[in-house]
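Open your viewer and get ready to click along with this short tour. At each stop you will select something and then read what is there.

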Amino acid sequence: MAYRNKAYICFDGDEDMRYYRLMTAWKANDNLEFNFHNVHDLNTARDSSQEESIKKQLRERFANSKLLIVLIGEKTKGLTKFVKWEMEVALRLGLPIIGVNLNGSRRQDDRCPPTIKGELAVYAPFAMKIIAHAIDTWPADHARYVKEGKSGPYFYNDQIYTSLGL
């Protein structure tokens with residue numbers, strides 16, 4: 001069995017790649033306090049491959065994932081192929097989900113993909129400190145909420161943002 005310690009980041013590869021690349025740059029910068037184990041480092045899934053071979057690679061990534069980060073951009077809501085499938089797999093596996101709003105919203109908004117709308121997930125804007133906070137705290141919070149039978153969207157209150165200097 002794989003050790004689940006990595007973050008699986010799903011996003012629109014055509015529109016939102018720059019945000020994913022920025023997250024990996026934050027991680028690579030020794031002067032920043034931002035770290036996560038990136039499941040995308042495990043293997044390569046190319047859009048030019050056959051769909052089933054891509055999904056095979058993605059399933060291997062999920063086997064090592066402790067949470068799913070969904071970068072929610074302008075077009076994410078309408079994506080029906082891999083991003084939707086990735087969210088569905090994460091839900092089936094019971095992975096904690098962090099919705100990162102690329103429009104700056106601190107809550108679930110109208111860009112939220114239908115697949116995760118209403119599901120147990122936390123939402124935050126695309127900002128390094130709040131994403132790092134969510135990576136560090138949401139898995140335990142998610143487990144507690146599941147145990148308590150809670151569901152639906154969550155968000156961080158203003159006090160959390162203030163404590164992070166945001």
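We begin with the whole chain, then move to the sheet, one leucine and a helix.

**Stop 1: the whole protein**

Keep in mind as you look around that this is a predicted model. Show the chain as a cartoon and you will find 5 helices and 5 strands. Follow the chain along the sequence, and the elements come in the pattern β-α-α-β-α-β-β-α-β-α. Now switch on the surface: the protein exposes about 9000 Å², and carbon and sulfur atoms supply 46% of that area. Of the 166 residues, 46% are buried. How much of the contact set links residues 24 or more positions apart? Among contacts with a separation of 6 or more, such pairs account for 72%.

**Stop 2: the sheet**

Select the strands next. The 5 strands form an open sheet, in the order E1-E2-E3-E4-E5, with parallel pairing. Which strands sit at the edges? They are E1 and E5 (153–155), each of which pairs on one side only. Tilt the view to look for the twist, which averages 30° from one strand to the next. Strands of a sheet pair through backbone hydrogen bonds, and they can do so either parallel or antiparallel.

**Stop 3: strand E1 and its neighbor**

Zoom in on E1, residues 6–10, and show the side chains. Is this strand mostly covered or mostly open? It is mostly covered, with 5 of its 5 residues buried. Lys6, Tyr8 and Cys10 point one way, while Ala7 and Ile9 point the other way. Add E2 (residues 65–72) to the selection: 5 bridges join E1 to E2, and the two run parallel. To find one place where they line up, look for Cys10, which stands opposite Val70 in E2.

**Stop 4: from E2 to E3, and a helix on the sheet**

On to E3, residues 97–101, which is joined to E2 by 5 bridges and runs parallel to it. Here Ile69 has Ile98 in E3 as its bridge partner. Now bring in helix H1 (residues 17–28), which packs on the sheet and touches E1 and E2. The direction of H1 makes about 135° with that of E2.

**Stop 5: Leu67**

Click on Leu67, which lies in strand E2. Why does Leu67 count as buried? Its relative accessibility is 0%, and buried means under 20%. Leaving out residues up to four places away in sequence, Leu67 touches Lys6, Ala7, Tyr8, Leu95, Pro96, Ile98, Ile135 and Pro139. Try the distance tool on one of these partners: Leu67 and Leu95 are 28 residues apart in sequence, but their C-alpha atoms are 5.1 Å apart in space.

**Stop 6: helix H4**

Finish by selecting H4, residues 128–147. At 1.5 Å a residue, its 20 residues should span 28 Å, and the end C-alpha atoms are 29 Å apart, which agrees. Look along H4 for a kink of about 45° at Thr137, shortly before the proline Pro139. The buried residues of H4 include Met128, Ile131, Ile135, Trp138 and Tyr145. What covers the buried residues of H4? The cover includes H1, E2, E3, E4 (121–125), E5 and helix H5 (158–163). Last, step past H4 to Gly149, where phi is positive, near 80°.

Key:
Residues numbered from 1 in each chain as written. Predicted model: local features only at pLDDT ≥ 70, side-chain atom pairs only at ≥ 80, totals over all residues. Heavy atoms only, no water. Buried < 20%, exposed > 50% of the residue type's maximum accessible area, 1.4 Å probe, protein only. Helix = DSSP H or I, 4+ residues; strand = E, 2+ residues; numbered from the N terminus. Pairing = 2+ DSSP bridges. Contact = heavy atoms within 4.5 Å. Areas by Shrake-Rupley, 256 points an atom, 1.4 Å probe, with all protein chains shown as cover. Axes fitted to C-alpha atoms, helices over the stretch in contact; angles between N-to-C directions. Expected span 1.5 Å × (residues − 1). Bend = angle between axes of the 7 residues up to and from the residue.
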